[in-house]
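Hello,

Here is the structure I promised to pass on to you. Have a look at it first, and then read on for what turned up in it.

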Amino acid sequence: MTDTDKIRENRLRRAAHRQGLMLAKSRRRDPRASDYGTYMLVDAQTNTLTAWGLPPGYGMSLDDVEDALRGEQVEQ
C-alpha cells in the first residue's frame, strides 16, 4: 500500500464515520485470497453490513467504497 492509498483510506474512514458507518478492512494476509486488501462498510450502531463486494462481507475496493459513500450504486 502506498502513502497515497493510506491517505485515501483514512479520508474515506472519516467520511464513513460522519455518515455513522465504519470502514472495515479485511485482515487476510494471503495475497492470493479473494478478499485480501478489500473493504466493507458497517453500520456503527447496529453492527450490520451496509455495503460489501463478496458474500463473506469484504470485497470492495477504495473506489467502490467512495461510490457507496456518495450514494452511488456499487457494481459487484
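To start with a small puzzle: does Arg-18 count as buried or exposed, and at what relative accessibility? Arg-18 counts as exposed, because its relative accessibility is 65%, over the 50% cut-off. This residue belongs to helix H1, which covers residues 3-18. Between the C-alpha atoms of Arg-18 and Met-40 there are 16 Å in space, and the two residues are 22 apart in sequence.

Before going further, please keep in mind that this is a predicted model. The pLDDT of the protein chain averages 90, and 95% of the residues score at least 70. Among the elements of the chain, H1 has the highest mean pLDDT, at 96, while E3 has the lowest, at 90.

Now to the sheet. Three strands form an open sheet in the order E1-E2-E3, with antiparallel pairing. E1 and E3 are the edge strands, each pairing on one side only. On average, neighbouring strands of the sheet are turned by 40° against each other, direction ignored. H1 packs on this sheet, where it touches E1 and E2, and its direction makes about 145° with that of E1. Helix H2 packs on the sheet as well, touching E1, E2 and E3, with a direction about 30° from that of E2.

The pairings can be followed residue by residue. E1 (residues 21-25) and E2 are joined over five bridges in the antiparallel sense. Within this pairing, Leu-21 stands opposite Asp-43 of E2, and Met-22 has Val-42 as its bridge partner. On the other side, two bridges link E2 to E3 (residues 49-51), again antiparallel. Here Leu-41 has Ala-51 of E3 as its bridge partner. Five residues lie between the strands in the hairpin of E2 and E3, and Asn-47 takes a positive phi near 60° in that hairpin.

Why is E2 described as largely enclosed by the rest of the structure? Four of the five residues of this strand (residues 39-43) are buried, so the rest of the structure largely encloses it.

That leads on to the interior. In soluble globular proteins, nonpolar side chains tend to be buried together. The largest nonpolar core in this model has 12 residues, among them Leu-12, Ala-16, Leu-23, Tyr-39, Leu-41, Met-60 and Leu-69. H1, E1, E2 and H2 (62-70) each supply at least two residues of this core. Leu-41 is a good place to look around: leaving aside neighbours within four places in sequence, its contacts include Ala-16, Leu-21, Leu-23, Ala-51, Met-60, Val-65 and Leu-69.

One last residue to visit is Thr-38, which sits in the loop between E1 and E2. Thr-38 has a relative accessible area of 12%, so it is buried. A polar atom of its side chain lies 2.7 Å from the backbone oxygen of Asp-35. Leaving aside neighbours within four places in sequence, Thr-38 is in contact with Ala-24, Lys-25, Ser-26, Tyr-58, Gly-59 and Met-60.

Enjoy exploring the model, and do write back with any questions.

Best wishes

Conventions: Residues numbered from 1 in each chain as written. Predicted model: local features only at pLDDT ≥ 70, side-chain atom pairs only at ≥ 80, totals over all residues. Heavy atoms only, no water. Buried < 20%, exposed > 50% of the residue type's maximum accessible area, 1.4 Å probe, protein only. Pairing = 2+ DSSP bridges. Core = buried A, V, L, I, M, F, W, Y, C linked by side-chain atoms within 4.5 Å. Contact = heavy atoms within 4.5 Å. Axes fitted to C-alpha atoms, helices over the stretch in contact; angles between N-to-C directions. Polar contact = N/O pair within 3.5 Å; in protein donor to acceptor, adjacent residues only side chain to side chain. pLDDT = per-residue confidence, 0-100.
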